[in-house]
Structures are given as C-alpha cells and as structure tokens.
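Okay, thanks for coming, everyone. I'll put the structure up and then we'll go through it together.

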Amino acid sequence: MTDLTGEAALIDQHCHGVVTTDLDRLAFEALLTEATRATPDRSRFDSMLGLAVRRWCAPVLGLPAHVGPDEYLERRAALGWWEASARLLRAAGVTDWLVDAGFAPVALTGLPEVADLAGGTAHEIVRLETVAERVAGLAGSAEEFAADLETELHRAAAGAVGLKSVAAYRGGLDLPARPPSAAALSAAVGRWFAVGGRLTDPLVVGWLVHLGVRVGAEFGLPLQLHTGFGDDDLRLHHADPSLLTDFLAATRDSGVTVVLLHCWPFHRQAAYLAHVFGHVVVDVGLAVPHVGARSGAVLAELLELAPFGAVCFSSDGYGLPELHYLGAWLWRRELGRLLDAWIADDVLTCADAERLVAAVARDNALRTYSRVSE
Amino acid sequence: MTDLTGEAALIDQHCHGVVTTDLDRLAFEALLTEATRATPDRSRFDSMLGLAVRRWCAPVLGLPAHVGPDEYLERRAALGWWEASARLLRAAGVTDWLVDAGFAPVALTGLPEVADLAGGTAHEIVRLETVAERVAGLAGSAEEFAADLETELHRAAAGAVGLKSVAAYRGGLDLPARPPSAAALSAAVGRWFAVGGRLTDPLVVGWLVHLGVRVGAEFGLPLQLHTGFGDDDLRLHHADPSLLTDFLAATRDSGVTVVLLHCWPFHRQAAYLAHVFGHVVVDVGLAVPHVGARSGAVLAELLELAPFGAVCFSSDGYGLPELHYLGAWLWRRELGRLLDAWIADDVLTCADAERLVAAVARDNALRTYSRVSE
Amino acid sequence: MTDLTGEAALIDQHCHGVVTTDLDRLAFEALLTEATRATPDRSRFDSMLGLAVRRWCAPVLGLPAHVGPDEYLERRAALGWWEASARLLRAAGVTDWLVDAGFAPVALTGLPEVADLAGGTAHEIVRLETVAERVAGLAGSAEEFAADLETELHRAAAGAVGLKSVAAYRGGLDLPARPPSAAALSAAVGRWFAVGGRLTDPLVVGWLVHLGVRVGAEFGLPLQLHTGFGDDDLRLHHADPSLLTDFLAATRDSGVTVVLLHCWPFHRQAAYLAHVFGHVVVDVGLAVPHVGARSGAVLAELLELAPFGAVCFSSDGYGLPELHYLGAWLWRRELGRLLDAWIADDVLTCADAERLVAAVARDNALRTYSRVSE
C-alpha cells in the first residue's frame, strides 16, 4: 500500500470564506447543512457530514475522535473562531484557495483573512450574478446596465483568476447556445427593472453567462458553473449539467474552460461532458464533505468516464472551516484508498496513480487557472 | 462487530395486504414483479428478488436455503397461504404495519387480517385517488364532488394514521405549488366526468393532493407520495421526486410531513429533498426487497445526503408476504453490515450506529405518524 | 471461488468493424474516446479505458502489463493492424459478432473481414437512419421516399439479424406511441428534402422507428436502440431510456423485441424498463470498456432490477479491436468477480450463477436474435 494523497499540496478551485464569530450549536448546525431553515427535531450532526466533523475535525482541534457535538463546540469556542479556523484551514494542506466572495448572507472572511488564516494564497472568483445585481441597482436603463456591467466585469476580471455563474439557481442550466439579440435583452432587462429584485430572468441570465464567456476569453479566465445539489433555492432537475450540452457545444471554440462544480448526483453526467468536450473540467466539491465516508464511492463514479486530465479538487467550503478541511481530508483519504485498492488489484501502477493524484490535486487546476502559478 | 439491527422492532411505514389464496407458480411469479403481464420465457425467479426469496424466505418456511421455485411453492401450498403468511410476517419483526388498502386489483387481506397474521398492529393509510374515484362515481356535479370528497376524506382521516397519493401514476410529480381555482377545478372535473374512468387529469390530481395537505394538517397526518419505480403504468422520469420541489417549498409551513416512498433510482435526489426540506421524510421500500443483496448499496446512497432523522423503514410489501419479510430482513442484514463496516473503519461509534438504527427503525416513524404510539 | 465466466462463449450483440490501417498515437487516441476532437493537453490514455488498454490488451499483444502508450503503439504497428486486430478479436472469446456497419466516418472492416479476423461469424445489424438517408438521396418525393424505403428495408432485413435506430442522436428518445399520419409524414419529409442533410426531423425519425417495428415484426428481427452516453452529437438527457415508456407500452404486442443498448448512466432506468416490459432487453456495452475496472459496479447496478433473462452482452467495439476485447474481458472479469462474491456470501448457488452467466453470455441473445443459431 502507498500513501499517494497524504502529502499532495492542493489547489482548492472553489470555496468561500468562513464566519467571523464564535458559533453556538444552533448557528453551527445552520451551516452544517444546505437547508436554509432549522429543523428542531433533526440534529444536523446526525448525517454523514456531522459524523465526519466529530470523527476527523475533532482531532484537529485537539479533541478525541467522535466527541459529542456539545463538547466539540465548547472546544471550538474556547479556541475562538480565529484559532479554530486557522487550525482547520492549515490542516487542509491547500496552497491556493480560489474564493467566491460573492455570496454572503452571513458575514464571511474576505480573501486577505482566508490567506492569513490558512497560510496560503487566496485568489478571487468573480460571481457574475452578484456583479450584475450590483450594477443593476445603479443603472438607469437597460442599455446603461449592459454597458456598465461590461465595464465592471472587465474591471473585476482584471484582478480575478476565474468567473462563476449560479445560473442553476436562476432558472436552471438550460442555457442558450447563443446570447439574445440586443432588442430581446433590452426588453428582458426592462421587465426585470420594472419588478426589481434578484436576477432570475432566464434571458438575462443567458446573456450574462455568454458575456462571462466573452470576458473570460479576453482575460484567459475559466467560467465556473454551479451544477447539481445546493441549497433549497434550487430545482435539482434544472441543475443537471446535461442541460448544458448546447451551451457547451457552442462554446467549445471560445477559448474558455467551463468548470462544472459539485455535480452530485449528476456527477456521471458531468463526467460524460468532460469526456466529450475538451474545454470542460469537473469536480465533486460540496459533495465530498457532505457525503463523508461515502466520498470514495462518489469519486469512483466520477472517474468512470471523466478524463483524469479534466478532474479538479475543490471543497466548496462555506462558512465553516470544517467544510474546507473535510473537503481536503476526505479527498485524500478516499481517493487514496480507491487508488490503493486499484494498485493492489493491479489495475494501474503506482506511477499511474501518482500522476493521477498530481493531476487532480494541482496540475489540472494550474492549467485551468493560468493566473494561479507555482 | 455488532448486531445492530437484528433485534430492532420495526415500524413498516408503507405496505399492503397479502393474497388470500394459495398460489400456483404462475400466480406467485405474477406478484414477484412490478410487470403486469406474464413473460413466459423469463422466470421471475431469475432476478435479485427471486434469489432472495429462495435464499431467505425458504428457511422461514422450514426449507433449506436456495431451494428451487417449485419446491418452494409446494411447501408454501402445503402450509397453506395463512400459515405461510403468518410465518413470514411474524419473522419480519414488525410491530406496526401502516397499510394502504386502496389498491387491490387482486383480493388482499384487510387490516384486521394483517394484524392477526402478523401478530402486530395494523394502521390505515388512506389513498386519496381511491377515495376520489369512489366519490366521483356517486357525485352529480363538480361542486357536489368537491364537497362530498372533502366530507369523505375527513371521515376517512379520522380513522387513519396517514394519507397517500399516487400522483406519480396520474400525470407525474410535477405538482403545482398551489391548488387550482374553483372555476378551473370545476371545468377539469367536468371534463373528467364527461369521459369517466380513472382520475388522471393533472389539474384535479393537483387539487386532490393539496386537499390532502389541508386535511393532513387538520388531523395531524403525514402525506405519503409514491416516487420512483413501480409498475408499468408509470413514466419513470415523471416519478422523479425532484419534480416536487415547488410543491415542497410551498407546503413547508403547512404542518404536514411529506413522505417520499420508494424513490429508486432517484433515492439520491430524494435524499437531497429530505436534506433541504425539514418536512420531508424518505424511504427505499419496494427497492429493498426487489434489489435483494444489492440493498446495502442503495441504502448507502440514500444515507449520503439524507439526514438520519429523515429516513424511515418500509417494505412496500404487496400481495406476497415474502416481500414484507424481505423488506425487513434485507434492511436488517444490509444496513447492519454497512454500519458494521463503518464502525470497523472508525467512521462512527457503536452508540452512533445504534442511534441511527433506532431512528430509522422506529423513532422517525413515531414522530411522523403521531397516531402510532408506543 | 469459481471460474464462472472465463470460458463462456459470447455473442456480442452490438459492435462495429475495426480500422484497416496502422494507427499513430493521435489516430489511436482519437478512437479511444467518444469525443470527436483532439484534446492536446489531455492524453486519452489517462482514463479508465486507457489504463485498461495498457493493463489488459498489452499482454494479448505479447507485451508486459502496464506498458506505456508509445511502447504499446510501437508493438501494435510492428504486428500490423491485421495481426493486432486478429489477436485481440480472437482473445475476446466471441463466437458471433452482430455488426452495425452503418456508421463509418472512418473506413472500417466490413462483415467478412470481421469474421475472418475474429475467427467467428459476423451478422448484420441494419441501421435504419443510414438506409433512410441513402434512399432519401435518390427519391424525388416524399411518397417515393416512403415507398422506396419500405422496399429497401425489406431487402436489407432479409439478410440481417436485427435492426437499429440512433433516434437518441436524432431528436432524442421521446418517440411517439404511434407513427404519424401519411399527410404529416409527407409534409415533414418535404421540409427535410427542402433543406437536405442528415435526418433529424423528429416526426420522420418517429415514423422510421415505427417502420422498423413493422418490418422487424415481419422478419422476426429485434430493434436495437442507442440509449445513454455516446459521442458529443448527443444531448445526454434526451437519451434517457425512460423517455421510451410510451413507445414501449405501444409496441409490447408488436412481436418485436426492443434492445436498449449501452444505457449508462441510465442503466438503472433501463433495467426498470426491462423489468416491466417483457419485450425489452438491455446491455451495458460501450460502458464496460470505457469504465474499465469500474464495470463491476455498473453491472451490479444493472442487475438490481433487470430480469436475468433480459440482459445481453455487447462490447459496442468501434474502430479499435481493443474495445471489442476489453468489452468481453472486463465483462468476464467483473461479472465473474461479482458472482464469486455473491456465492461466497451465500446469496446464490454456483448453479444459479452458472445459469445467469449462460443467459447473459449467450442464451438471451439466441432468443432475441432468432436468426443467430447455435
């Protein structure tokens, strides 16, 4: 048996900041789930993720494995959020954190604090919808909106390593192959402005994603897309990455790499897209921490069809540094075991496995995010 | 290793009666499948379920494991249906049977016989469509139908522990977030009455399910929904529980727990819904007996994202007491093995595993079905 | 432990010819993927299929297991394509090859060469769309097209063992339950002829598939349908076999067996269809070579609900004889291991396992393809 993954220096291609306060049990549990409401009769610790926190995060905080939730949270509070976060983030073994700071219904650390806490480098991922909504709040007309957004995205892209869209949450992934006409866009923006609120108009979202492709091509940035499960603001079947086929076929020559994030339970579908489209990259972030000890099964399903050169690592850690840590730890543990088993079964050689680990841990991300360099 | 599940007293949250006659091979095989027609060149024993009957039911009837189908059926006939059923149902270790008696193309035992055969308690689940069709047969107008059905459902709910809809079979699970207007309902019922027959109009079905929510809230009853595979009267992709998202979002404050039954092959999707909606409960009944020795894999996939407080046990046994028994036995065997493996792998503690088993075997059902009490 | 599958003489119910030239690395890699374009920064050997070629095909060509791609291709070139193909095809242990010769963007061996190379019998599968497009190129009107196609299909069917449609690639599997009217067909064919090119009009494709059913019934031929993944000319969610439900319900009394090919990642859905429809047969060809060492997991998922009498073997080998060989070898290795594990776990007997192997290797195909005889 080998230790293939234990020392791999990871690039986390998609995560968020952590909360900047100490958390009581209610607040901690609220971040231990994709549900947006409390479930008083169901502790969120009673889940694969909850078991994983008690089993693998507790020792990082100096506790015995499997301590109860209250004991875990007492220790966490005694250390303070800063120290607890620093220990967990540093234990992840990640050198580069690609941070989407565009979603913060609760206050999270920004990029400098992530870097400081984790002892690594933080890079920015620009969330298109956040920029679009900010610009919309200031624009007087559809034309002004489109022009201002383009300007603002250029500005943002100049300092970022990648772009991201949550179109999956804003009407779903059935994105058009081509952007709408200026007239159609203008009418749709007009309708949106008339009612205000979140950007959910599918035509405007489709236009925004294509704008992201254009800006990404100019700046050499990939475009990340949320796919698969997430919080309850999602219709899961509209987040099936298969729906992206026409969009992917249309953007294959754009020069932009499209990153399918998370994907579960459609990770086999995502693997197929990465198989047939050379500009598609996939991960199973978010899923890995959530499914805990089942990550190995999910990774194995992903690898069935995904080219090894198209798989990246991410944690999608959000709010709790436990998620960042477990994303990395479970990836190491479960991918390592899977490869060890395949080596023992003579399916591949140690050298093959080492190359696969290097590719997924780091090399594929370096190729995808050209601004993140060794 | 532990014996976590062997002695758990189960609540079977969804099953049906058993047939009240001795069965020849043709009749037995017809109930050993979800197909509604015979397949002369394919014995239904040549399946994971068929293997499971020969392997695990045979000993309950005093036969060696793996006996051939004919020997099995001879012994079954020699015992007589009553004795064979009693042995199998009692061996299931179920204290409470929640029986949907609303679907009986063949004559099945009613609740008293189930209780008598099984030595447990039988509780009624009211199938909305069955009541609606019975009331429709007597009603003179759409208005009379709506009023009579409400009266009838109140009467039925008073004696039941839960309600159930088979909307998945009647147009699919893309249920509306809100019930139709009285005028739209009246027109749709009018159209239905004009042609007669089964209730399949999606507008009427949507209204009926919302009526079920309202009545369920009044009486403190959960609403069970068939999801996933079933007989050939189904379009499988219309039975994907993801389609329920808008309906679930709209009913989260209704006070009614929604139970997603069966779910396979969409059990990961169902687990997601139970994860993000606190009023959603799931099981993989029907799948467990059918997939036989593969139940462990299905249960593991379910547990990836489902909160442990949201998973219940059911067999969906129908017609053959073998299905009730295998539902329970395979659940014990396979969940026990899965947890034993996780304990051996230090993923969770024995105490964690015991609490999980207690939750799924019984506690979650007791919380969901408040009228079923210890 | 047993050796259940090692000696089974297989019928490959669906494959294609092999390329008739020596291949450099670029050309070989182009056939080692379903992608239609090169991916310069991702070697196609870095995949489960690539590992499988190096691990299991290399020894067939007299090389050590796990040799590097260049060494493998040097040896292959030294042997020459004919000798390399002959070794791989003969090592597959297939007696009968059912060859779809209707798709050849690159030059492939025809049936006589396949038989000659493999030392077995080659049988023809007629691809409906290929015939339709050939006839369309010669027809002067919609009426002439329909009449000529019927004549041509009769002629082709007389020499074939089965028909096949790639409707999944031509608008998707949501096929109509009934063929269109003559007037609707005529209008649709007129529209097609006006623009020319590939047949993709869903109405014409639907008509063609129903014509296939009619001709298949006359000649006692089954109808194969591509389902699930394939090359990038596919929208994966339109290739979900669940979409076929109405078509399958409508054709259950046609006398024609419908063969669902490939199916991954919808193989559980396909298994359900084979479970409820007695005229449906399934395989996981194409997936087996591509997912390599993961084939056992895919086969296990397929067997959850598929009647053992409804599963066939195929490789879907195309271009590279490595795919034909790996389809057979991985099927032997992984199904054998799965059954060995189940025997060791006392889930079934050796005799049960042997019957299952015989059914899937050969007996089910002999029943499906009545013109292929022992």
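**A tour of the chains and their contacts**

Let me start with one residue: A:W329 is partly exposed, with a relative accessible area of 29%. Keep in mind that this is a predicted model. The tryptophan A:W329 sits in helix α14 of chain A. If you look for A:V19, 310 residues away from A:W329 along the chain, you'll find their C-alpha atoms separated by 20 Å.

Now, how do the copies relate to each other? In general, two copies of a chain are related by a rotation about an axis and a shift along it. Here, you can lay chain A on chain B with a rotation of 120 degrees and 0.0 Å of shift along the axis, and the RMSD comes out at 0.0 Å. That is what a three-fold axis gives you. Which residue of chain A comes closest to that rotation axis? A:A297 does, with its C-alpha at 5.8 Å.

Chain C goes onto chain B in a similar exercise: a rotation of 120 degrees, 0.0 Å of shift along the axis, RMSD 0.0 Å. In chain C, the C-alpha nearest the axis belongs to C:A297, 5.8 Å from it.

So do the copies meet through the same surface or through different surfaces? Only 3% of the interface residues of chain A are also interface residues in chain B, so the surfaces are different. For chain C against chain B, again only 3% of chain C's interface residues are also interface residues in chain B, so those copies meet through different surfaces too.

Okay, let's zoom in on the contact between A and B. Chain A puts in 37 residues and chain B puts in 35 residues. People often give the size of an interface as the accessible area lost when the parts come together. For chain A and chain B that's about 3,200 Å² buried between them, with 52% of it on carbon and sulfur atoms.

As for polar interactions, there are 23 residue pairs in polar contact between chain A and chain B, counting pairs with both residues at pLDDT 80 or more. On chain A's side, the elements giving two or more residues to the contact with chain B are α2 (48-60), α12 (287-291), α13 (295-305) and α14 (321-344). The largest share, 5 residues, comes from α2(A). If you sort chain A's side by class, you get 13 nonpolar, 9 polar and 15 charged residues.

With charges around, salt bridges are the next thing to look at. Side chains of opposite charge can pair when their charged atoms come close. Over all chains, the whole structure has 81 salt bridges, and 11 of them cross the interface of chain A and chain B. One to click on is A:R333 with B:D345, at 2.5 Å, N to O. There's also a salt-bridge network, linking A:D46, A:R54, B:D352 and B:R355.

Another pair across chains is A:E301 with B:R268, 2.9 Å from N to O. This one runs from helix α13 of chain A to helix α11 (residues 267-276) of chain B. Are those two buried or exposed? A:E301 counts as buried because its relative accessibility is 3%, and B:R268, at 9%, counts as buried as well.

Then take a look at C:E301 and A:R268, which form a salt bridge with their closest N and O atoms 2.9 Å apart. C:E301 is in helix α13 (residues 295-305) of chain C and A:R268 is in helix α11 (residues 267-276) of chain A, so this pair joins two chains. Both C:E301 and A:R268 are buried.

For contrast, here's a pair inside one chain. B:D233 makes a salt bridge with B:R198, the closest N and O atoms being 3.0 Å apart. B:D233 lies in the loop between β5 (223-227) and α10 (245-251), and B:R198 in the loop between α8 (182-195) and α9 (202-219), so the pair ties together parts of chain B that are 35 residues apart in sequence. B:D233 is partly exposed at 34% relative accessible area, and B:R198 is partly exposed at 39%.

Last stop, helix α4 of chain C, residues 81-91. Its buried residues are C:W81, C:A84, C:S85, C:A86, C:L88 and C:L89. They pack against α2 (48-60), α3 (69-79), β2 (94-100), α5 (111-118) and α14 (321-344) of chain C. After α4(C) comes C:G93, with a positive phi near 70 degrees.

How values were computed:
Residues are numbered from 1 along each chain as its sequence is written. Chains are lettered from A and ligands numbered from 1 in the order in which they are written. Side-chain values use heavy atoms; hydrogens and water are left out. Contact means heavy atoms within 4.5 Å. Buried area is the accessible area (1.4 Å probe) that two parts lose on being put together, summed over both. A salt bridge is a side-chain nitrogen of Lys or Arg within 4 Å of a carboxyl oxygen of Asp or Glu. A polar contact is a pair of N or O atoms within 3.5 Å; within protein, one must be able to donate a hydrogen and the other to accept it, and residues adjacent in sequence count only if both atoms are side-chain atoms. Helices (H or I, at least four residues) and strands (E, at least two) are DSSP runs, numbered from the N terminus. Ala, Val, Leu, Ile, Met, Phe, Trp, Tyr, Cys and Pro count as nonpolar, Asp, Glu, Lys and Arg as charged, and the others, Gly among them, as polar. Copies are superposed by least squares on the C-alpha atoms of residues with pLDDT of at least 70 in both. Buried means under 20% relative accessible area, exposed over 50%, partly exposed in between (1.4 Å probe, protein chains only).
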